[in-house]
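User: Please take me through this model with short questions and answers. I would like strands and helices in turn.

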Amino acid sequence: MAKYQLLLPRMGESVAEATIVKWTKNTGDYINVDDTVIEIATDKVDSDVPSPVSGRLVAQLCKVDDVVQVGDVVAIIETDEIEEVMPAPAPQPVVQPQPVAQQPTAVPQMPIPGTELLAKPASPHNDAFKSSPRFYSPLVKQIAIEEKISVEELDRIPGTGAEGRLTKDDLLAYVKQKQSGQQPAQRQVAQAAAPTYTQEAEKKTNTPPAPPQQPAAQPAAPQPAARPQPAAQQVNTSQGDEIIEMDRMRRLIADHMVMSKQISPHVTSFVEADVTGLVMWREKVKNSFEKREGEKITFTPIFIEAIVKAIKEFPMINISVNGTQIIKRNAINISMATVLPDGNLIVPVIKKADELSLIGLTKAVNDLAKRSRAGKLVPDDVKDGTFTFTNIGSFGNIMGVPIINQPQAAILAVGVIKKRPAVIETEEGDVIAVRHMMYISMSYDHRVVDGALGGMFLRRVADHLENWDVNRAV
């Protein structure tokens, strides 16, 4: 019998760890090739980990809610075929990043050297992190425990990692600032005592004392802005109040939204667009398009095409901020906010949208929407977005003020298309007619996008929609 090590697979360049959500197989269960062994969740999407071999599950090396690094061994599967399933020709110890003394006690059903670290019970200190809406790497948790930083304090530290994640460098910089902030106070205490000693010496020697030297003013160490804590809410169950615990995705969304408002000074601009020609064109082509392409053409790919055209004309909208640096993105990757069946949101990305035709955009939009609602997205589907689009008109809303999807610099929202009377300029004069009108709004990061640029870009999107070619072939 051979022991196969099931590793946590790589799920994308920006994904370094995952949380164990559920074990679909129990110890002793027989597993076929491609059977799902565990369900995992990252800060991007949820996915399954299948088994590449057949055999019996003899050891689960992590528990539900454990955070596991990519490449770590999560399970041991006992197989009959030795040469094909052994990870190496001869058993070799698994090299750990830090040397740890070996445990003398043998671990049943875990004969693979080095796996005892993965099977050890979670530290009681780690239980406190379960109440946090943020995810922290094991290294960050260890530093926080050693420096006696509470989870509440940790949650208030801004992160510079992907999606606002707190990195080791962020935490070490915070610890250093905290320590340097205590030193000036200690110096002031020592200096306050010095004049008393000098005055006593003056009485004994009748010698005028030298004036005490004042130390140079020390600038206060910058402290991260504390997140305001709301007052405790009273729950009255006798009147039917119900407590609903946020699920993991809702906690991530909440933390991401708060982080975005803390990082970016939001400005929102609005325009109104007459899309009568566009509505009439879609009504004319939608049936033949669906019959020919097997896809429904909605307004979403049309809006995205207009956004892409405007980005080409105003490329400084397609940016992100890294400290004092502006990163101008070459690729135009449009993030598309999508509602899931449980009410949560996910933002899959249409990669290189500028290289797709309207037919290609339609197929990409429909594919991502279907896989989002079916839970079939992979981590690469939700990363590398450079600009976000959201259609709040699908809920009957006329306009909205969206929150920027960090680390991007802008997000555009379209409202519902409604028939309204409007003034039309003609050669014979102004007339009032019934038109299909809609509002478009865009929130942008005022650190790097001024009102002039944001307003001109938004107006250009509306122009592309208003000047739609009603004779366009697709």
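Strand pairing and helix packing

Analyst: Val 49 in E5 is the bridge partner of Ile 38. This is a predicted model.

User: Over how many bridges do strand E4 and E5 pair, and in which sense?
Analyst: Strand E4 covers residues 36-41. The sense of its pairing with E5 is antiparallel. The number of bridges is five.

User: Which side chains of E5 point to the buried face?
Analyst: In a regular strand, side chains alternate between the two faces of the sheet. E5 shows this alternation. Asp 46, Asp 48 and Pro 50 point to one face and are not buried. The buried side chains on the other face are Ser 47 and Val 49.

User: What is the strand order of the open sheet that holds E5?
Analyst: The sheet has four strands. Their pairing is antiparallel. The order is E5-E4-E2-E7.

User: Which strands of that sheet stand at the edges, and why is one side of each left without a neighbour?
Analyst: An edge strand here has a single partner strand, so one of its sides has no neighbour in the sheet. From one strand to the next, the twist averages 45°. The edge strands are E5 (46-50) and E7 (67-69).

User: Which residue in E7 stands opposite Glu 17?
Analyst: Strand E2 spans residues 17-23. E2 pairs with E7 in the antiparallel sense, over three bridges. Opposite Glu 17 stands Gln 69.

User: Is Pro 9 buried, partly exposed or exposed?
Analyst: Pro 9 sits in the loop between E1 and E2. Its relative accessibility is 34%. Buried means under 20% and exposed means over 50%. Pro 9 therefore counts as partly exposed.

User: Which residues does Pro 9 contact, leaving aside its neighbours within four places in sequence?
Analyst: Pro 9 and Pro 50 are 41 residues apart along the chain, and their C-alpha atoms are separated by 9.6 Å. The contacts of Pro 9 beyond its sequence neighbours are with Val 49 and Val 70.

User: Which strands are at the edges of the open sheet E1-E8-E6-E3?
Analyst: That sheet has four strands with antiparallel pairing. An edge strand in it pairs on one side only. The edges are strand E1 (2-7) and strand E3 (30-31).

User: What stands opposite Leu 6 in E8?
Analyst: Strand E8 covers residues 73-79. E1 and E8 pair in the antiparallel sense over six bridges. The residue opposite Leu 6 is Ala 75.

User: How are H8 and H10 oriented to each other?
Analyst: Two packed helices are described by the angle between their axes and the distance between the axes. The axes of helix H8 (residues 299-313) and helix H10 (residues 451-466) come within 9 Å and cross at roughly 130°. The crossing is right-handed. The two helices are therefore oblique.

User: How many nonpolar residues are in the contact of H8 with H10?
Analyst: On the H8 side the contact includes Ile 302, Phe 303 and Ala 306. On the H10 side it includes Phe 457, Arg 460 and His 464. By class, one residue of the contact is polar and three are charged, and the nonpolar count is nine.

User: How are H8 and helix H9 oriented, and which residues of H9 make the contact?
Analyst: Helix H9 (residues 358-373) packs with H8 at about 125°, with the axes 9 Å apart. H8 and H9 are therefore oblique. Their crossing is right-handed. From H8 come Thr 300, Pro 301, Ile 302, Ile 304 and Glu 305, and from H9 come Leu 358, Leu 361, Thr 362 and Val 365.

User: What classes of residue make up the contact of H8 with H9?
Analyst: One residue of this contact is charged. The others are two polar and six nonpolar.

User: Which residues of H8 does helix H7 meet?
Analyst: The axes of H7 (residues 276-293) and H8 come within 11 Å and cross at roughly 135°. The two are therefore oblique, and their crossing is right-handed. H7 brings Leu 278, Val 279, Trp 281 and Arg 282, and H8 brings Phe 299, Ile 302 and Phe 303.

User: What percentage of the chain's residues count as buried?
Analyst: The chain has 10 helices and 19 strands. Of its 474 residues, the buried share is 37%.

Notes
Residues numbered from 1 in each chain as written. Predicted model: local features only at pLDDT ≥ 70, side-chain atom pairs only at ≥ 80, totals over all residues. Heavy atoms only, no water. Pairing = 2+ DSSP bridges. Axes fitted to C-alpha atoms, helices over the stretch in contact; angles between N-to-C directions. Parallel < 35°, antiparallel > 145°, perpendicular 65-115°, else oblique. Left-handed = near helix turned anticlockwise from the far one by under 90°. Contact = heavy atoms within 4.5 Å. Nonpolar A, V, L, I, M, F, W, Y, C, P; charged D, E, K, R; others polar. Buried < 20%, exposed > 50% of the residue type's maximum accessible area, 1.4 Å probe, protein only.
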